[in-house]
Amino acid sequence: MKDILIRQKQVLFFIIAGGLSAVVEIGSFKIFSSYLPQLIAEEKNFHGIHFPLSNIFSTSCGIITNYFLSIWFVFERGKHSKKKEFVYFMAVSVVSTLFSLLFFQIFYSFIFKDNIDLIIYTLSPEILSKISAILLVSILNYSVKKKVIFNG
């Protein structure tokens, strides 16, 4: 019973940490995708890839935030040293970033074509694609980080 409660608490903290990391990632994506195209015209469409630098920079901000929240609030230290743990975390995050970029491109190119008006805020296809990609990749992240990096 205690294991179930601990696991549920861990999942709740993972969701909270992930939510906060997603806010950082989406917020920084909004900033990068608003300003980078003014500096680099190809940012909106670089050989068919939409907002590549904005995605990479914002995902990096989210990953760093998630790492610190994960080690402070979600997972207990695993059997690895801090250095090895960080390297594993970053390696998983790089793979997750590639999946996130792929999912973003699919959502942006094929699924989200119009803004969604929420009365107080309008969600653009870019933001909808970013949110959807984050949600999809977060499931993979939790499983891998729990089993491989933080061991259980």
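**View 1. The side chain of Ser58 makes a polar contact with the side chain of Lys130, at 3.4 Å.** A polar contact here is a pair of N or O atoms within 3.5 Å; within protein, one must be able to donate a hydrogen and the other to accept it, and residues adjacent in sequence count only if both atoms are side-chain atoms. This is a predicted model, in which local features need pLDDT of at least 70 and side-chain atom pairs count only at pLDDT 80 or more, while totals for chains, interfaces and linings use all residues. Residues are numbered from 1 along each chain as its sequence is written, and side-chain values use heavy atoms, with hydrogens and water left out. Ser58 sits in helix α2; helices are DSSP runs (H or I, at least four residues), numbered from the N terminus. Ser58 counts as buried because its relative accessibility is 0% (buried is under 20% relative accessible area, exposed over 50%, partly exposed in between, with a 1.4 Å probe and protein chains only). A polar atom of its side chain also lies 2.8 Å from the backbone oxygen of Ser54. Beyond neighbours within four places in sequence, Ser58 is in contact (heavy atoms within 4.5 Å) with Glu25, Ser28, Phe29, Phe32 and Lys130.

**View 2. Here are two of the eleven aromatic pairs in the structure.** Rings of Phe, Tyr and Trp (its six-membered ring) pair if their centres lie within 6.5 Å; planes under 30 degrees apart count as stacked, over 60 as edge-to-face and the rest as tilted. Phe29 and Phe104 have ring centres 5.6 Å apart and planes at 65 degrees, so they meet edge-to-face. Because Phe29 belongs to helix α1 (residues 2-39) and Phe104 to helix α3 (residues 82-111), the pair ties together parts 75 residues apart in sequence. Both Phe29 and Phe104 are buried. Tyr67 and Phe89 are edge-to-face too, because their ring centres are 4.7 Å apart and their planes at 70 degrees. Tyr67 lies in helix α2 (residues 52-74) and Phe89 in helix α3, 22 residues apart. Ring pairs join Tyr67, Phe68, Trp72, Phe86 and Phe89 into a cluster.

**View 3. Ile15 looks outward from helix α1 as an exposed residue.** Its relative accessibility is 55%. Between Ile15 and Asp117, the C-alpha to C-alpha distance is 26 Å, with their positions 102 residues apart in sequence.

Definitions and conventions:
Helices (H or I, at least four residues) and strands (E, at least two) are DSSP runs, numbered from the N terminus.
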